[in-house]
Structures are given as C-alpha cells and as structure tokens.
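Thank you all for making the time this morning. I would like to walk through one model with you, beginning with a small backbone detail and then working inward.

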Amino acid sequence: MPILRADQFPIAFDFARSEAAAVRGADGVVRTLAANVPRFDHDTTGKPRGLLVTSGSDIGGQDRSAFDPLMLPAALTEGEDLKAREATVYHAFVPLAASQTEGGVSAASPEQFAAGIIRRAFYTREAARLIDALIRSAGHHLVIGTHAGFAENRDGFARYRGKLWQLPLGLGADGAALSSVEHKPLITSGALLAQEAGS
C-alpha cells in the first residue's frame, strides 16, 4: 500500500467525529473544523504534522477511523493460507504529549516534534485490523503503510523507505526479536497491539 496523501484519506478510511474540533492549517492559522471532518495538522511554519486524532471532550466524541480492507490485496485479507496473509505494517506516530497538543494546537517546535516521532513495524496476519488499531491512537499520524510478507528483522528493526522502524519490544534476546529461524519474525496480532497502545 503506498503512503496516502491527505486528499486520499477518504478513499481508504471512513472517518467520524461527533463534535467540531480545532486544527492549525497550512497557513499557520488555527481554525475549527466541523464534526466528521478529519484534521490534518500543521506547525506554525505550515509544515504538515499528519492526521491529528484526539479523544474529544465527551465520551464518544473522539476521532474514529475505519480502514477499508479493500485497499489491500485480497490475499492479505481473505483465505485460509496464513503464509499469503503475512504482512509488515509500518506506523510513524507522535503522541500528544510529545507534540505538546492541547485543544488541537501543538506547541512543539519543529525540532521537538521530529524528536517525538516513533517509527514502529509490526508483523501480522491481520493487516486491516492492525491498521484500524493503530489509527485509533491519540496523536499525530505521519505514515501508515504495509506490504506483503515479513520485512527482514535487523536486530529488532525493519528497514522501509530508507528509515529504520522498531519491531515490538517485550520478547527478545540481546536486542533482537525472538524467532524460530533466522529472519523469521514473531506474529503480532491486532488485539496485542490494541493492548500495547492502551498501556
């Protein structure tokens, strides 16, 4: 799946939010967007900061996105051949605390924001569910992408688009993810990810 631009977001995701919410536009001006309009945030210089997801002021007011599994090749989402469903999902993300976001306005400088970027890679056989779980995390979403197959595990990292993406921590030896054979990763499910994101 290629990296989606902001104007392509409605093609891949169904988005909902029950209330209006603030965001900084490309012109640096903070404005309020209507309910059900996704917020693609920017810094004061107009540089994009990705999709902003927050919890909202009331229960049920949070930003909610549902990924359309038809955006992925059928082999990754259908059928009983588990080998064919193996995928690596990449997610670049800045939590609200790191972006110093309050009320939809991020106070972090460009350097602080860049320092807060977390790049993670996940091995999964449920790519669509995993993407759904990732996009629900509160913060700024910079990249979400996937490809078929497991990327090579390089001492706990995967390489994608010229950057290193950290594989899930927890089970490992000497900084490398455990595997049954060389470069064969463990599977991370959407349910495990949801627990990790909530902790």
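Let me start with a question about one residue: does D155 count as buried or exposed? Please keep in mind, while you look for it, that what you have in front of you is a predicted model. The residue sits in the loop between β11, residues 139-148, and β12, residues 157-160, and at 61% relative accessibility D155 counts as exposed, because the threshold for that word is over 50%. What drew my attention to D155 is its backbone, since phi there is near 55 degrees, a positive value in a residue other than glycine.

There is another residue to set beside it, namely N36, which is not a glycine either and has a positive phi of about 65 degrees. N36 belongs to the loop that runs between β3, residues 30-33, and β4, residues 39-42, and with a relative accessible area of 46% N36 is described as partly exposed.

Let me now step back to the chain as a whole. The protein chain has 199 residues, and buried residues make up 41% of them. Its secondary structure comes to 6 helices and 15 strands. If we take the contacts between residues at least 6 apart in sequence, 62% of them join residues at least 24 apart. The accessible surface of the chain comes to about 10300 Å², and carbon and sulfur atoms account for 56% of that surface.

From the surface, let us move to the interior. In soluble globular proteins, nonpolar side chains tend to be buried together. Here the largest nonpolar core has 19 residues, and the members that touch the most other members are F13, F67, V89, I131 and L134. At least two residues of this core come from each of α1 (9-12), β1 (13-16), β5 (48-53), β7 (87-95) and α5 (127-135), and α5 gives the most, with 6 residues. Apart from this core lies another one, of 11 residues, which includes Y123, A151, A158 and W165.

Since α5 gives the most to the largest core, I would like to stay with that helix for a moment. How many of its 9 residues are buried? The count is 8 of the 9, so α5 is largely enclosed by the rest of the structure. The buried residues are A127, A128, L130, I131, D132, A133, L134 and I135, and you will notice that an aspartate, D132, is listed among them. As for L134, which is placed in helix α5, its relative accessibility is 1%, and therefore L134 counts as buried. The C-alpha atoms of L134 and Y90 are separated by 9.6 Å, although these residues are 44 apart along the chain.

Now to β1, where the side chains alternate: F13 and F15 point to one face and are buried, whereas D14 and A16 point to the other face and are not buried. This strand runs antiparallel to β6, residues 64-67, and 4 bridges join the two. Which residue in β6 is the bridge partner of F13? That partner is F67.

The F13 and F67 side chains bring us to the aromatic rings, and the structure holds 8 aromatic pairs. In one of them, F9 and F13, the ring centres lie 4.9 Å apart and the planes are at 15 degrees, so this pair is stacked; both F9 and F13 are buried. F13 also pairs with F67, and that pair is tilted, at 5.2 Å centre to centre with 55 degrees between the planes. The pair links distant parts of the chain, with F13 in strand β1 and F67 in strand β6, 54 residues apart, and both of these residues are buried. Taken together, ring pairs link F9, F13, F15, F40 and F67 into a cluster.

One last detail concerns a polar side chain, that of T146, which lies in strand β11. T146 counts as buried, because its relative accessibility is 2%, and a polar atom of its side chain lies 2.8 Å from the backbone oxygen of T88.

That is the tour I had planned, and I am happy to go back to any of these residues with you.

Methods: Residues are numbered from 1 along each chain as its sequence is written. This is a predicted model: local features need pLDDT of at least 70, side-chain atom pairs count only at pLDDT 80 or more; totals for chains, interfaces and linings use all residues. Side-chain values use heavy atoms; hydrogens and water are left out. Helices (H or I, at least four residues) and strands (E, at least two) are DSSP runs, numbered from the N terminus. Buried means under 20% relative accessible area, exposed over 50%, partly exposed in between (1.4 Å probe, protein chains only). A nonpolar core is a set of buried Ala, Val, Leu, Ile, Met, Phe, Trp, Tyr and Cys residues joined through side-chain atoms within 4.5 Å. Contact means heavy atoms within 4.5 Å. Accessible areas come from the Shrake-Rupley method with a 1.4 Å probe; for residues, only the protein chains shown count as cover. Two strands pair if DSSP finds at least two bridges between them. A polar contact is a pair of N or O atoms within 3.5 Å; within protein, one must be able to donate a hydrogen and the other to accept it, and residues adjacent in sequence count only if both atoms are side-chain atoms. Rings of Phe, Tyr and Trp (its six-membered ring) pair if their centres lie within 6.5 Å; planes under 30 degrees apart count as stacked, over 60 as edge-to-face and the rest as tilted.
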